[in-house]
Amino acid sequence: MRLPLLRLLPVLLLLLGAPALLRAQEAPSPDAPPPPSKASAPLDEPLHEGQTLKVNVNLVDIYFSARDNHGFLAGLRKDDCHIAEDKTPQTIKNLTQEKNLPLTIGILLDTSGSQTNVLPLEKDSGSRFLKEVITPKDEAFLISFDVNVDLLADFTSSPHELDRAMQKASINTASSSGGVPGIGGGPFPTSNPRGTLLYDAVYLAAHDKLQSQTGRKILIILTDGQDEGSQYKIKDAIEEAQKANTIVYPILIADRAMYLASGEIYMGSSAMDQLATQTGGRVINVGNNGRKLEDAFDQIQDELRTQYLASYTPTNREADGKYRKVEMECGKGVKVQARKGYYAIVGGGDDANIE
């Protein structure tokens, strides 16, 4: 039997309208966000104001100070200086004066028997220096070394805490009793009960405390420069300080009369000269004179206030872990104090912010 046409019409209209109805259900409402585009993003889309682009650029940072016969120089520009890496000229990308950049200071205090008569001077002058230099954005730590390497004060911005730890430091001539080597984890083994683990202290301070820090980093060593019994050699200490981009200032304070009376020859300056020169610092020899010791700390303060940061992207982009020699000059008659090289550590590189 055939259905009347009027009865079939609603059914036909429903079937014919089904695709349109489905499309209407899938279509977004006027207030909904547009569907994601399947088109490729433009390659050269400009940055809008306030955006930051992260780029791995492998910048090499060189902190340095410059002086002539009249003293430390201020106001240098990048066109005033030149850098060569392994004798290949480099293009300086930035050169800025960094007196307000956060500072990390490590104080290494020689508490071996040879420092018995000068330790009070070291503690008083060191505390005064930290009180004058440390600001709320800076940090410092304190390590003593003798037959052991001990962390007396961890990172802090409190000169009071540092002074309290400094004043508690005492001479230690007891023999090593073994233990797990490391700062605060036990002494390095030594067969000499009069050991002075100077090189170990520098190595551990650079590796354990400063390697992970950013910004300006310095180590100040109050010592006579004599090492006895260290597991590491002076070249190991220098290498670790360079890898941590840390400037080292050895302040030689020694009771020469004690060495003379005991028939020993004082030979502490040579290794300290190497350590300072290779890391961009310098040795300051004060003997056992308290006034000269305070002057030494004042000189370091002056250098920190006039310190620069030069950055460049090396033409040799290989992160092969090898040592690269760096030479820097800023004009005739200007003495530049900067580290002599760096290690192109595998996987290294900095993230630079391009605003």
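Is Phe-141 buried or exposed, and what is its relative accessible area? In this predicted model, Phe-141 is buried, and its relative accessible area is 0%. The side chain of this residue takes part in one of the aromatic pairs, of which a search of the whole structure finds five. Its partner is Phe-155, and the two rings meet edge-to-face, with 5.3 Å from centre to centre and 80° between the planes. Since the cut-off for an edge-to-face pair is an angle over 60 degrees, the value of 80° for Phe-141 and Phe-155 places the pair in that class. Phe-141 belongs to strand E8 (residues 139–145) and Phe-155 to strand E9 (residues 149–156), so the contact ties together parts that are 14 residues apart in sequence. Whereas Phe-141 is buried at 0%, Phe-155 is partly exposed, with a relative accessible area of 25%.

Another of the aromatic pairs is formed by Tyr-203 and Tyr-232, whose rings are stacked, with 3.7 Å centre to centre and 10° between the planes. Tyr-203 is located in helix H4 (residues 198–210), while Tyr-232 is found in the loop between strand E10 (216–223) and helix H5 (234–243), so the pair ties together parts that are 29 residues apart in sequence. Tyr-203 counts as buried at 15% relative accessibility, and Tyr-232 likewise counts as buried, at 19%. The assignment of Tyr-232 follows because buried means under 20% relative accessible area, and the value computed for this residue is 19%. A contact that involves a charge and a ring is also present, in that Lys-243 lies over the face of Tyr-343, at 5.3 Å from the ring centre.

Turning to covalent cross-links, the structure holds one disulfide. This bond joins Cys-81 to Cys-330, with an S to S distance of 2.1 Å, and the link is right-handed, with 110° about the S-S bond. Cys-81 lies in the loop between strand E3 (71–72) and strand E4 (82–85), and Cys-330 lies in the loop between strand E14 (323–329) and strand E15 (335–338), so the disulfide ties together parts that are 249 residues apart in sequence. With regard to accessibility, Cys-81 counts as buried at 3%, and Cys-330 counts as buried at 6%.

Methods:
Residues numbered from 1 in each chain as written. Predicted model: local features only at pLDDT ≥ 70, side-chain atom pairs only at ≥ 80, totals over all residues. Heavy atoms only, no water. Phe/Tyr/Trp six-rings, centres within 6.5 Å; stacked < 30°, edge-to-face > 60°. Helix = DSSP H or I, 4+ residues; strand = E, 2+ residues; numbered from the N terminus. Buried < 20%, exposed > 50% of the residue type's maximum accessible area, 1.4 Å probe, protein only. Lys NZ or Arg CZ within 6 Å of the ring centre and 35° of its normal. Disulfide = S-S within 2.5 Å.
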